[in-house]
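Visitor: I am new to protein structures and would like to learn how the words we use for them are justified. Could you show me one and take my questions as they come?

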Amino acid sequence: MDGSWQRRFVLEGTSELNTSKMAKRARAAELRLGLDASSADAADVRSTTVIEPPRGWDFFPLREVWAYRELMYFLAWRDVKLRYKQTALGVVWVALQPIALAAMFTIVFSRFLSAPSAGLPYPAFVLAGLVPWQFFAAALGRSSLSLVANEHLLTKIYFPRIMIPLASVLTASIDMLFTLAVLGAVLIYYGIGLPTVALFLPLLVALLLGAAMGIGLLLSALNVRYRDIQAIVPFLTQIWLFATPIAYAATLVPADWRWLYDLNPMVGIVDGFRWAITGGAFPSSLFSSAAVITVLVIVSIVYFRRAERQFADVV
Amino acid sequence: MATTVVSASGLGKHYQLGERRHRPLTKRSVARVLGRSSHEPPGSSFWALRDVSFEVQEGEVVGIIGRNGAGKSTLLKVLSRITHPTEGRAEIRGRVGSLLEVGTGFHPELTGRENIALNGAILGMRSSELQRKFDEIVEFAEIGPFIDTPVKRYSSGMYVRLAFAVAAHLEPEVLLVDEVLSVGDIAFQRKCLGKIEEVAHQQRTVLFVSHQIDSIQQLCQRVLLLRSGQTQAFGPTQDVIAAYLSDVATSADGDFDLWDHPTRAVHHTPVIRRLRLQTDDGSMTTRYAPYDAMVAEILVEPPHTLREPIIGIGIADHFGRRIFTVASFFEPEGLEPIKGLSRIRCRIPELRLGSGRYLVSVSVQDRYHGELDGLENVAEFEVIWQNSYGTGEPYRPVFGPILSRSRWERLDP
């Protein structure tokens, strides 16, 4: 990524994206939100901001998030950009991490321990788990710290607070594009053709985004008040790694424990990823995961919206 | 017809202070497990803002003044939705832009160009809008060839100029500005004030917090004076400023403690400790007769030796308009170097002021270091007319504040 590419992305790329259809849509949204000052009868279209003590419960601020979507892109872009400033290999690091881990797991679990790998070559098997997992771990790590790290924004400017952890999740998903490419390359290397159920992959990714968002929002909001979260997250991620069938197949888990094990939303997602790549029997753990993630997303948004009222005062 | 753009009624913000919030969870649970009721003192709480109501019309520039901690910034934070009010309600019509700090979200590692993009997005500018104004922003900031240099390599002046340039090109209908003009050099400050005036001329509304009475006077039609979170006055600029100045500068006996004075600019280190207004016989006072001598004693404690100190005293009328200035470097003999805690005495042989209330400003400078400390309009004294013409004729304000002796004679044609 050389500088000129990014510059174009910032200042010109946006206009390229602004095809007339998008512009029209955005304009319609502006008008709906009353953000447009230039229209002839601005006085009538102008929105009124009402400032009152908060009460009751709020859910996802869909309209505001839409209005501020550019901010989310920019925050994510800033994080991506900053991470690779003054690094020699730049974005290659994103691809190297899962490759190195997959190699390590292959040696330890496949060579030494001969773990079963559900009919896939072990490196492909472990990578199919590592791709969603690494995204999840990165999203968790980033978003849990995000609000505190952007304290100066919280106390100086108004925007939907939810944009900050969402931007962290977005940053992690940009990385996932690269790791998915690595997975694709490995599949091609082993000559593994994708079955028709691979069409479910986007759905699985959506579920994965939901899981990361749910937990990320919760942790980021908690971290504003209790910095303990900062200490917990790294080792929570480590434990979670072992509670997820990445190095091993979920079939190794005793049947008596399966119900508990399946409550881990990442179990269904990792099983789902492997199923989408190999075909075979539909993993029932996907149902419980989807249910857990739905609850998680609802709870975390409600909690976040409740907690955000205090952010500027507490952080 | 004037439209109300901002209306606030009964706004209040309550803060809980002290231990409560920061008490670790464990302490609470331990206390619970041990069956001990936690009989710690309830966290102190206070109203940073209470029962503030006002209305601002379209195209008005309203200043918000008050001592530090009077609630000015809290009010702006509530209006810009950074924090919620505890009570009351406010309505703002139109797009709100707030500028509570110059360069919010600037990142030192990113280049000027990248920071413009990021900062613009943070301030709520659309990228199409930003693109349109990009060249204008760069020109306003006067950073030219450094646009692709990381801002960590900028001088502080360049940094501030760039940051303000982005914010100045926001086009909100209501602009909330907090004390941002105290940064940057004089030329740039003037440019910023010009920009705010320009904004006001475009029928946009500005709410503007500042310690700088001149800027308030220059820009605002009306001023809101806050004191301990409450509205003390809201009205025409001149009246409110006069009320504010006499509020921060009164002393019963002529002894003014200036050590942590609320109006000291943020970038000043406190050097001026006290100011004592005295008469020729050394007794302290706040009342003078028009032709009295004024003796001002200033207690200063500079952080280092001032080899060529310049100490100035300014006298202003009660609207804060400067009438005259005396300074050590106006006098051929000057002032000897100042080392450590020192008492500086200045005698003005004749005040020659008409009756009324006046304000004193003090500045401590060094020829080599520039201004170290300065306090504007911090001490009030009164001049009382006592048949000072010697003719029984009263003084009238229309004569102007300066008195002068004069001699009259009739000459043959």
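Guide: Gladly! Let us begin with a rule: two strands pair if DSSP finds at least two bridges between them. Keep in mind too that this is a predicted model.

Visitor: What makes strand β14 of chain B and β17(B) a pair?

Guide: Strand β14 (residues 309-317) of chain B is joined to β17(B) by 9 bridges, and the two run antiparallel. The rule asks for at least two bridges, so with 9 bridges β14(B) and β17(B) count as a pair. One of the partnerships is that of B:I310 with B:Q365 in β17(B).

Visitor: Which residue stands opposite B:Q365 in β18(B)?

Guide: That is B:E371. β17(B) and strand β18 (residues 370-383) of chain B pair in the antiparallel sense over 10 bridges. They form a hairpin, with 3 residues between them.

Visitor: How do you know that β12(B) and β18(B) pair, and in which sense?

Guide: There are 2 bridges between β12(B) and β18(B), and the sense is parallel. Since the rule says at least two, 2 bridges are enough for this pair. Here B:Y288 stands opposite B:V383 in β18(B).

Visitor: What is the order of the strands in the open sheet of chain B?

Guide: The 5 strands follow the order β12-β18-β17-β14-β15, with mixed pairing.

Visitor: Why are β12 and β15 of chain B called edge strands?

Guide: β12 (287-288) and β15 (322-327) of chain B each pair on one side only.

Visitor: Why is β17(B) said to be largely enclosed by the rest of the structure?

Guide: A residue is buried when its relative accessible area is under 20%. In strand β17 (residues 356-366) of chain B, 8 of the 11 residues are buried, so the strand is largely enclosed.

Visitor: What about α5(A): how many of its residues are buried?

Guide: The count is 11 of the 15 residues, so α5(A) is also largely enclosed by the rest of the structure. Among the buried ones are A:F74, A:W77 and A:K81.

Visitor: How do you know that the span of helix α5 of chain A agrees with what it should be?

Guide: The expected span is 1.5 Å times one less than the number of residues. For the 15 residues of helix α5 (residues 69-83) of chain A that gives 21 Å, and the end C-alpha atoms are 22 Å apart, which agrees.

Visitor: Why is the contact of A:K81 with B:E114 called a salt bridge?

Guide: The limit is 4 Å between a side-chain nitrogen of Lys or Arg and a carboxyl oxygen of Asp or Glu. The closest N and O atoms of A:K81 and B:E114 are 2.5 Å apart, so the pair qualifies. A:K81 lies in helix α5 of chain A and B:E114 in helix α4 of chain B, so this salt bridge joins two chains. Both residues are buried.

Visitor: How many salt bridges are there between chain B and chain A?

Guide: The count is 4. A:E64 and B:R81 form a salt bridge too, with their closest N and O atoms 3.8 Å apart. Between the two chains there are also 11 residue pairs in polar contact, both residues being at pLDDT 80 or more. On the side of chain B that touches chain A, the largest share, 7 residues, comes from β4(B).

Visitor: How much area is buried between chain B and chain A?

Guide: About 4,500 Å², of which carbon and sulfur atoms give 57%. In chain B, the residues that lose the most area to chain A are B:R81, B:I82 and B:R126, together 15% of what that side buries. In terms of contacts, 52 residues of chain B touch 46 residues of chain A.

Visitor: What makes B:R50 and B:E87 a salt bridge?

Guide: Their side chains meet at 3.2 Å, N to O, and the limit is 4 Å. The pair links distant parts of the chain, 37 residues apart: B:R50 is in strand β2 and B:E87 in strand β4 of chain B.

Visitor: Why does B:R50 count as partly exposed?

Guide: Partly exposed lies between the buried limit of 20% and the exposed limit of 50%. B:R50 has a relative accessible area of 31%, so it is partly exposed. B:E87, at 25%, counts as partly exposed as well.

Conventions: Residues numbered from 1 in each chain as written. Chains lettered and ligands numbered in written order. Predicted model: local features only at pLDDT ≥ 70, side-chain atom pairs only at ≥ 80, totals over all residues. Heavy atoms only, no water. Helix = DSSP H or I, 4+ residues; strand = E, 2+ residues; numbered from the N terminus. Buried < 20%, exposed > 50% of the residue type's maximum accessible area, 1.4 Å probe, protein only. Contact = heavy atoms within 4.5 Å. Buried area = accessible area lost by both parts, 1.4 Å probe. Polar contact = N/O pair within 3.5 Å; in protein donor to acceptor, adjacent residues only side chain to side chain.
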